[in-house]
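Visitor: Hi! I'm new to reading protein structures, could you walk me through one?
Guide: Happy to, let's put it up on the screen.

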Amino acid sequence: MTHTPAHDIHQDKVLILDFGSQYTQLIGRRIREIGVFCEIVPWDIGDDFVRNYGAKAIILSGGPESATGDDAPRIPEAVFELGVPLLGICYGMQTMAEQLGGKVIHADTHEYGFAQVRAHGHTPLLRDIEDHVTPEGYGILDVWMSHGDRVAQMPPGFILMCSNETCPIAGMANVDKQWYGVQFHPEVTHTKQGKRILERFVVDIAGCEKLWTTKNIVEDSIQRIREQVGDDEVLLGLSGGVDSSVVAALLHKAIGDQLTCVFVDHGLLRYGEGDQVMAMFARHMGIKVIRVDAQDLFFGRLKGVTDPEEKRKIIGHTFIEVFDEEASKLTNVKWLAQGTIYPDVIESAGSKTGKAKVIKSHHNVGGLPEEMNLKLLEPLRELFKDEVRKLGVELGLPYEMVYRHPFPGPGLGVRILGEVKKEYADILRLADHIFIEELRAADLYDKTSQAFAVFLPIKSVGVVGDARRYDYVVALRAVETIDFMTARWAHLPYDFLERVSTRIINEIPRISRVVYDISSKPPATIEWE
Ligand SMILES: Nc1ncnc2c1ncn2[C@@H]1O[C@H](COP(=O)(O)OP(=O)(O)OP(=O)(O)O)[C@@H](O)[C@H]1O
Ligand SMILES: O=c1[nH]c(=O)c2[nH+]cn([C@@H]3O[C@H](COP(=O)(O)O)[C@@H](O)[C@H]3O)c2[nH]1
Ligand SMILES: NC(=O)CC[C@H](N)C(=O)O
Ligand SMILES: [Mg+2]
């Protein structure tokens with residue numbers, strides 16, 4: 001049965017040219033939230049790409065460079081030839097000004113953080129959008145700025161759109177062509193009217209229809225998966241984490257029992273996780289799940305190994321081995337499904353050109369041997385994490401599963417410092433479970449981005465019931481973060497920490513002491529190894 005969605009959800013799309021801003025992904029997320037599809041590409045993607053893409057509007061991001069420099073990154077010429085609305089943000093506006101005959105200078109006073117601009121409400125972009133009105137009747141916007149350069153002279157054909165004392169040209173517009181530039185960042189939530197401004201641009205000015213909704217995405221993905229896969233069989237590594245769970249639910253809906261999942265129990269899972277995954281997917285949803293008990297294999301391979309990178313590599317290779325073996329038992333499989341999401345795609349494109357240092361090798365199930373000849377199926381590769389979560393809920397997965405904290409593939413293997421032993425994993429699982437259970441009970445789970453316990457294989461002395469206890473130490477870790485690239489340690493209430501610590505020491509005989517990790521990232525990382 002073929003199924004035709006009511007709309008082509010990619011019909012109206014916005015192209016975002018990335019000049020290296022810290023907030024480029026935020027621009028993308030805001031446009032998607034508004035209900036319009038968009039994609040982020042590097043600024044030097046080339047004229048041909050820009051001409052053939054079919055964007056209804058183009059947004060030029062901010063960036064760290066100075067538009068005054070001779071070899072500064074520039075907007076491809078094709079952008080100006082297309083006749084579509086343009087919005088330059090910060091660096092995007094500055095280079096637009098330079099390229100069209102205006103002038104940018106290094107400013108004497110830099111603006112970082114909160115600012116206000118007077119909005120000259122005569123342009124379509126800002127008309128009737130304001131936070132305050134002055135006694136003289138001018139609109140004022142509360143915005144967020146981050147710049148050292150500024151536009152000193154507008155290009156011919158542009159009029160002033162907003163300004164303040166430090167930045168007399170804080171916005172400019174060529175209303176005929178629908179080309180706009182703003183010095184402030186509408187994509188960050190500190191700019192209160194930011195989302196309205198972006199919506200005005202993509203919906204009212206560029207005429208994009210709001211077709212990018214969770215319901216439409218589900219319908220569209222299902223149709224595309226069916227067309228791609230036909231009658232073939234698909235294999236998916238199911239971890240119980242958010243991404244692979246949503247892929248499982250989506251594939252099951254699209255192709256039913258042509259899907260087989262492999263769930264590897266490496267002995268480094270959270271408390272009760274294996275049973276939960278089986279109950280949820282196999283029993284409740286009727287998905288074919290092969291549970292592989294590979295505990296002895298993993299613990300055997302990890303015996304005596306203490307170096308964190310070596311542990312990560314061994315876990316990664318052992319995963320592939322198990323996967324390979326399971327795949328070879330199934331005869332008709334042509335596809336390997338993966339939970340790759342859009343930030344993975346953007347970041348791996350960026351890292352090809354970058355020279356970033358490897359801090360940790362993330363395990364990767366994608367490195368399967370060539371002779372398997374499996375084709376890759378990645379139905380989430382256009383979606384941001386928050387979109388993946390909404391999709392999960394739409395597909396009927398429970399809220400608690402879809403909004404759970406991320407869990408690394410190597411699992412407790414990177415939360416047991418030094419050598420990994422089953423004995424340690426059993427102790428850690430219990431401590432972690434108590435911590436998470438208490439977080440949920442105190443309504444703090446959703447207020448932290450990631451929380452877990454870490455096992456320290458050192459012993460400390462305690463006194464319990466007048467007796468001496470000489471046993472292990474557990475560290476609690478909880479962080480608040482948006483993107484997991486930087487993180488602040490969570491300031492959990494003392495009485496809460498006290499309750500968790502008391503329970504852990506009382507209920508787990510092998511633990512003598514509990515400590516709380518107060519390091520942020522950077523300079524620490526979120527996981528301990
Ligand atoms: N225990 C496991 N059994 C089978 N496959 C696994 C296992 N752990 C990880 N994988 C595979 O590795 C992929 C990457 O893991 P990763 O932790 O990044 O994603 P996830 O578990 O799907 O989601 P989340 O980021 O929420 O944990 C998973 O999508 C899954 O395909
Ligand atoms: O799937 C994964 N495989 C891995 O090997 C891995 N290592 C770290 N993480 C997760 O990444 C985020 C950042 O962690 P770090 O600050 O420790 O680098 C945190 O959310 C970590 O849990 C991993 N996820
Ligand atoms: N955030 C930005 O885009 C900054 C642009 C430019 N690097 C400046 O400092 O003005
Ligand atoms: Mg995971």
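What follows is a chat about some parts of this structure.

Guide: One thing before we start: this is a predicted model.

Visitor: Got it. Which domains does the protein have?
Guide: The domain assignment gives domain 1 (13–205), domain 2 (214–402) and domain 3 (421–516).

Visitor: How far apart are the centres of domain 2 and domain 3?
Guide: Their C-alpha centres lie 28 Å apart. As for touching, 5 residues of domain 2 are in contact with 6 residues of domain 3. On the domain 2 side, those residues divide into 3 nonpolar, 1 polar and 1 charged.

Visitor: Okay, new topic: ligands. What surrounds ligand 3?
Guide: Its surroundings include Ser21, Glu65, Cys90, Tyr91 and His147. Strand β7 (residues 139–153) gives the largest share of that shell, 4 residues. By type, the shell around ligand 3 has 3 nonpolar, 7 polar and 2 charged residues.

Visitor: And how many residues surround ligand 1?
Guide: There are 17, and the closest are Gly237, Ser239, Gly241, Ser244 and Gly339. Helix α7 (242–255) and strand β12 (259–265) each supply at least two residues of the shell. The shell around ligand 1 divides into 9 nonpolar, 7 polar and 1 charged.

Visitor: Back to Cys90 for a second. Where is Cys90?
Guide: Cys90 sits in the loop between β4 and α4. Its phi is positive, about 55°, although Cys90 is not a glycine.

Visitor: Why point that out?
Guide: Because most residues other than glycine have a negative phi.

Visitor: Is Cys90 buried or exposed?
Guide: Cys90 is buried, because 27 other C-beta atoms lie within 10 Å, and 20 or more is what it takes to count as buried.

Visitor: What about α4, the helix after that loop? How many of its residues are buried?
Guide: In α4 (residues 91–99), 8 of the 9 residues are buried, so the helix is largely enclosed by the rest of the structure. Among the buried ones are Tyr91, Met93, Gln94 and Glu98.

Visitor: What covers those buried residues?
Guide: The cover includes the strands β3 (57–60), β4 (86–89), β5 (103–119), β7 and β10 (179–182). After α4 comes Gly101, with a positive phi near 105°.

Visitor: Let's look at Asp443. Where is Asp443 found?
Guide: Asp443 is in the loop between α14 (422–441) and β16 (450–464). Asp443 is not a glycine, yet its phi is positive, about 60°. Asp443 counts as exposed, because it has 8 C-beta neighbours inside 10 Å and the limit for exposed is 12 or fewer.

Visitor: Can we do a pair of helices? At what angle do α9 and α10 cross?
Guide: The axes of α9 (residues 295–302) and α10 (residues 308–329) cross at roughly 145° and come within 10 Å. The crossing is right-handed.

Visitor: Which residues meet there?
Guide: From α9, Leu297, Phe298, Arg301 and Leu302 meet Lys311, Ile314, Ile315 and Thr318 of α10. That contact has 5 nonpolar, 1 polar and 2 charged residues.

Visitor: Last one: which peptide bonds are cis in the segment after β19?
Guide: A cis peptide bond joins Lys521 and Pro522, with omega about -20°. The bond from Pro522 to Pro523 is cis too, with omega near 10°. Pro522 lies in the segment after β19, and Pro523 is found there as well.

Definitions and conventions: Residues numbered from 1 in each chain as written. Chains lettered and ligands numbered in written order. Predicted model: local features only at pLDDT ≥ 70, side-chain atom pairs only at ≥ 80, totals over all residues. Axes fitted to C-alpha atoms, helices over the stretch in contact; angles between N-to-C directions. Left-handed = near helix turned anticlockwise from the far one by under 90°. Contact = placed C-beta atoms within 7 Å. Nonpolar A, V, L, I, M, F, W, Y, C, P; charged D, E, K, R; others polar. Near = placed C-beta within 6 Å. Domains from an automatic or database assignment.
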